[in-house]
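Please look over the sequence and the 3D structure shown below before reading on. The notes that come after them are meant to be read side by side with the picture.

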Amino acid sequence: ASRDGDDYIINGAKMFITSGTRADLLVTLCRTSDSPHGGLSFFAIPSNTPGVNCEAPLRKTGWWASDTASLQFDNVRVPKTNLIGSEGSGFYAVMQNFQMERLALAAYGYTTAEIAYNLAKQYAHDREAFGRPIGKFQVIRHKLVDMATQVTPAKTLAYQVAHATDRGCMPIVEVSMAKNVCADAAMSVTYDAVQIFGGMGYMRENYVERLSRDARLLHI
C-alpha cells in the first residue's frame, strides 16, 4: 500500500481468505514501509471497491461449511480513513489476533477429538463381529484407551489457558502449546476413530469421516 495524497493505493494478492467470497468488508494487512515489523498496516476495504477481484470459492478437502477465497487487489484506491489504527501498527494487531485464534483452535481440536472418541466408543459397543461387540477385542480396547488418554489432557490444557485468558492474562507460550496439543489429539483420535469404524468410517455419510477431514487443517 502506497500513500497518494489523502488515499492509499493497494496492490497485491491474498490467498486462503476465510469468508472472502461473501464478505462485504475485507480487513487487509498491507506493507506500508520496508520495516520488517513496523511496516505492516491494516485497512478496511469494501469488497465492491474497484480493483478488488475475487475468484470462485476454493475447493478444499474439509471445512466445506466455510468458504475460502483468493483475492486480488489491482490499484485499489481507499481513503486514509480506511486505515485501522495508526500506520505501522499492524504487526501487533496480528500477533494479538493469532493468540485468540490459537485459543479457539485449541477448543476446536479437543472437541473434535472428544466427539470422535465418543462416536468410536459407542460404535465399538454396538458393532458385533464373531459373535460379540468389537469393543470386547483387546486391540480395540487398547485403541480406545489411547484415544481417551489423548482427549483428557488436551481438554484440560485448553480449559486452563481459557480460564487464564478470562482472568485477564495472556499466557502466550501455553496458548501456543495448547493449540498444538489439541491439534495433535484431533488428528490422532479422528484417525483411530475411522479405523474402528472400518469401511463405514470411510463413507461420506459417517460423521467421523468428516471429522477426520476437518481436523487436518488444524495442523496446517
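What follows is a briefing on charged side-chain pairs and on one asparagine in a strand.

This is a predicted model, and the structure holds nine salt bridges. Three of these pairs are described below, together with the surroundings of N11, a residue placed in strand 2.

**The pair D6 and K80**

- D6 forms a salt bridge with K80, and the closest N and O atoms of the two residues are 3.7 Å apart.
- D6 sits in the loop between strand 1 (2-4) and strand 2 (7-18), while K80 sits in the loop between strand 6 (68-79) and strand 7 (83-84), so this salt bridge ties together parts that are 74 residues apart in sequence.
- D6 counts as exposed because its relative accessibility is 52%, a value that falls in the range over 50%.
- K80, with a relative accessible area of 40%, is partly exposed.

**The pair D67 and R22**

- The side chains of D67 and R22 meet in a salt bridge, with a distance of 2.5 Å from N to O.
- Since D67 belongs to the loop between strand 5 (52-54) and strand 6, and R22 to the loop between strand 2 and strand 3 (25-31), the pair ties together parts that are 45 residues apart in sequence.
- The two partners have opposite labels for accessibility: D67 counts as buried at 12% relative accessibility, whereas R22 is exposed, with a relative accessible area of 55%.

**The pair R77 and D7, and its network**

- R77 and D7 also meet through their side chains in a salt bridge, with 2.9 Å from N to O.
- This pair links distant parts of the chain, as R77 is in strand 6 and D7 is in strand 2, 70 residues apart.
- R77 is partly exposed, and its relative accessible area is 43%.
- D4, D7 and R77 are joined into one network by salt bridges that share partners.

**The surroundings of N11**

- N11 lies in strand 2 and counts as partly exposed, at 44% relative accessibility.
- When its neighbours within four places in sequence are left aside, N11 is in contact with F73, D74 and N75.
- The C-alpha atoms of N11 and D74 are separated by 5.1 Å, although these two residues are 63 residues apart along the chain.
- A polar atom of the N11 side chain lies 2.6 Å from the backbone nitrogen of N75.

Conventions:
Residues numbered from 1 in each chain as written. Predicted model: local features only at pLDDT ≥ 70, side-chain atom pairs only at ≥ 80, totals over all residues. Heavy atoms only, no water. Salt bridge = Lys/Arg side-chain N within 4 Å of Asp/Glu carboxyl O. Helix = DSSP H or I, 4+ residues; strand = E, 2+ residues; numbered from the N terminus. Buried < 20%, exposed > 50% of the residue type's maximum accessible area, 1.4 Å probe, protein only. Contact = heavy atoms within 4.5 Å. Polar contact = N/O pair within 3.5 Å; in protein donor to acceptor, adjacent residues only side chain to side chain.
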